[in-house]
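The exercises below take a reader through one structure, step by step. Please look over the sequence and the structure before trying each task, and then compare your reasoning with the worked solution.

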Amino acid sequence: MPEDELEHLPTRVIDVAAMEDDSKVRLFETAGSTKAHWVALSHCWGDKKNHPPKTTRANLCQHLNSIPILSLPKTFQDAVVTTRALGFRYLWIDSLCIVQDDEDDWHHESRMMTTIYEHATLTLAASDAIDSTRGLFLERPYAKIGFPSIHMPFITRDKTSGRRMTLGSYSISLDWRQEPFMKHMDPMFSPIYLRGWCTQELILSRRVVHFLNEGMVWVCKEKAVDETGQRLVAGQRHTESDWATEWGRIIVEHSVREFTFEKDRLISLEGLAREVSKASNNSCTPGGYFYGTWLVDIPEYILWASYRGRNRVTECPSWSWASCDSPVWLRFRDFDNMRPDELSQDCKVLGVDEQTGVLTISAIRVDISAWKLARMDRVSVHDLQGKNGVRAYRQPLIQGYAVSATDVQVTGWIEFDDERDALALPEPVFYLQLAEASYWDGPKVQYWGLLLQRHQSRSGAFKRVGMASLWGSEFTKTLDRRDTSIA
């Protein structure tokens, strides 16, 4: 590998060549000055009962002495075999290289994970393994789909005796594919893409090999191809400039993903955000980064819509997409399958209080109590299809409301983030106008904003409860702008 890719080793790595006995590896604490190549593993932890082995304060000394390979789950064993076969000495695996019950160590190392994956020479992704018991080298389903195949032994030599050893076997098959029935191997439809931490791991890694049920996929800055040579446009790695321009897509994809610990939802983006701020041509840094959102992207990226889950517990302010208890999407971009020709800010962002997370915006604010509302039902389904089935985030019947005003004809709609009935609201609801969008087709001008209610525990502040779009009138242009704080 190129010498200019030599980087300082992470705090701890697994040394796969330190022991005379190949049946063991050991955890190695680096001095911080050693430069070398290393391989990183990206994998799913899976259900708690199948969580991988961990380094803890109690077994740290033991792991520094030696770790029997047979004590490791199959994915870790396969990663060791692959690292050795490729000629590398060091392997980084999160559960073993971070002391999991040491909060200080975990916070320090989690902040370094972006560097660890970005500077790794190669990332091995156990993409189709739902937990670490499954392995990298999955049994391919050729027998089930009728492709002729043969099994070949995977042979190596003992370092001491030179004796040939068989470590396992692999399949070779002729794979016949023809449009329109062919289905390319694509890691985007594998279990690892539902893993929360994979957002920054797979974006930042220089090179990734995805191990899938039907074969391997190579991804780097230049291309993404499966082992048959088919190019995968969707799977290609982001470049540094993309991080700045595609943040909206990144957070939409990230919001779908799952976490063992909910607090990691934003922590797992911090490193990527730091890299975005370093990008030489990015536009995200002015104003700062708060709760998964760049201030320069407001109002664009706080105009999100939810899929209305109910189980997430979060301390994020209500204006942030990370406060939502389900996957989100950028509604204004996809409304009626149209993208706006132009989105212009119709508000002024005054800033975010770093202590409280309160966002203050100067914008037109209207009490909607006098508006005429009519129920408007809509069905919305978001599918994430994988080889193990289809994961659907479904709202069987979404209750929206068509809008008209009493004194002037205004059309549009409002929609709440929860199931509240807008026709029987006990407290006032306010519309905060944030943006004006110009479209190719009618209605050619739409105004986009948030629905707010007064915050119950923070005096003078509001909380987000939904969003809205209006068109056909400029009645709000005559109204005064007010400073509005959203907690």
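Buried residues make up 51% of the 487 residues in the chain, and this is a predicted model.

**Exercise 1. Describe the overall make-up of the chain and its contacts.**

Step 1: begin with the secondary structure, where the chain holds ten helices and 27 strands.
Step 2: turn to the contacts between residues at least 6 apart in sequence, of which 66% join residues at least 24 apart.

**Exercise 2. Find the largest nonpolar core and say which residues have the most contacts inside it.**

Step 1: the largest nonpolar core has 43 residues, and Ile14, Leu91, Trp92 and Leu124 are those with the most contacts inside it.
Step 2: the largest share of this core, four residues, is contributed by helix 4, which spans residues 103–119.
Step 3: apart from this core lies another one, of 28 residues, and its members include Tyr307, Leu434, Tyr439 and Leu452.
Step 4: return to Trp92 and leave aside its neighbours within four places in sequence; its contacts then include Pro10, Arg12 and Val13, as well as Trp38, Val39, Ala40 and Leu41. Further contacts of Trp92 are Cys97, Ile98, Met113, Ile116 and Tyr117.
As background, in soluble globular proteins nonpolar side chains tend to be buried together.

**Exercise 3. Work out how helix 4 and helix 8 are each placed against helix 9.**

Step 1: the axes of helix 4 and helix 9 (residues 264–278) come within 9 Å and cross at roughly 45 degrees. That angle makes helix 4 oblique to helix 9, and the crossing is right-handed.
Step 2: on the side of helix 4, the contact is made by Trp106, His107, Ser110, Arg111, Thr114 and Glu118. On the side of helix 9, the residues taking part are Asp264, Ile267, Glu270, Gly271, Leu272, Arg274 and Glu275.
Step 3: helix 8 and helix 9 pack at an angle of about 160 degrees, with their axes 12 Å apart. Because angles over 145 degrees count as roughly antiparallel, helix 8 is roughly antiparallel to helix 9. Helix 8 also passes helix 9 in a right-handed crossing.
Step 4: here helix 8 makes contact through Trp247, Ile250, His254 and Ser255, while helix 9 uses Arg265, Ser268, Leu269, Leu272, Ala273 and Val276.

**Exercise 4. Explain why helix 8 can be called largely enclosed by the rest of the structure.**

Step 1: list the buried residues of helix 8, which are Trp247, Gly248, Ile250, Ile251, His254, Ser255 and Val256.
Step 2: set them against the length of the helix, which runs over residues 247–256; seven of its ten residues are buried, so helix 8 is largely enclosed by the rest of the structure.

**Exercise 5. Decide whether His210 and Gln453 are buried or exposed, and describe their surroundings.**

Step 1: His210 lies in strand 11 (residues 207–212), and its relative accessible area is 2%. Because buried means under 20%, His210 counts as buried.
Step 2: leaving aside its neighbours within four places in sequence, His210 is in contact with Ala125, Ser127, Pro187, Tyr193, Leu202, Gly215, Met216, Val217 and Val219. The C-alpha atoms of His210 and Asp226, which are 16 residues apart along the chain, are separated by 9.0 Å.
Step 3: Gln453, in strand 25 (residues 445–454), has 5% relative accessibility and is therefore buried as well.
Step 4: with neighbours within four places in sequence again left aside, the contacts of Gln453 are Arg420, Glu427, Pro428, Val429, Phe462, Lys463 and Val465. Between Gln453 and Phe430, 23 residues apart along the chain, the C-alpha separation is 6.3 Å.

**Exercise 6. Examine the backbone at Tyr291 and at Pro299.**

Step 1: recall that most residues other than glycine have a negative phi, and that most peptide bonds are trans.
Step 2: the phi of Tyr291 is positive, near 50 degrees, and this residue lies in the loop between strand 14 (289–290) and strand 15. With a relative accessible area of 25%, Tyr291 is partly exposed.
Step 3: the peptide bond from Ile298 to Pro299 is cis, with omega near 15 degrees. Pro299 sits in the loop between strand 15 (293–294) and strand 16 (305–306).

**Exercise 7. State how many disulfides the structure holds, and compare the exposure of Cys61 and Cys220.**

Step 1: the structure holds zero disulfides.
Step 2: Cys61 counts as exposed at 62% relative accessibility, whereas Cys220 is buried, at 10%.

How values were computed. Residues are numbered from 1 along each chain as its sequence is written. This is a predicted model: local features need pLDDT of at least 70, side-chain atom pairs count only at pLDDT 80 or more; totals for chains, interfaces and linings use all residues. Side-chain values use heavy atoms; hydrogens and water are left out. A nonpolar core is a set of buried Ala, Val, Leu, Ile, Met, Phe, Trp, Tyr and Cys residues joined through side-chain atoms within 4.5 Å. Buried means under 20% relative accessible area, exposed over 50%, partly exposed in between (1.4 Å probe, protein chains only). Helices (H or I, at least four residues) and strands (E, at least two) are DSSP runs, numbered from the N terminus. Contact means heavy atoms within 4.5 Å. A disulfide is a pair of cysteine sulfur atoms within 2.5 Å. Axes are lines fitted to C-alpha atoms, for helices over the stretch in contact, and angles run from 0 to 180 degrees between N-to-C directions. Angles under 35 degrees count as roughly parallel, over 145 as roughly antiparallel, 65 to 115 as roughly perpendicular and the rest as oblique. A crossing is left-handed if the near helix is turned anticlockwise from the far one by less than a right angle, and right-handed if clockwise.
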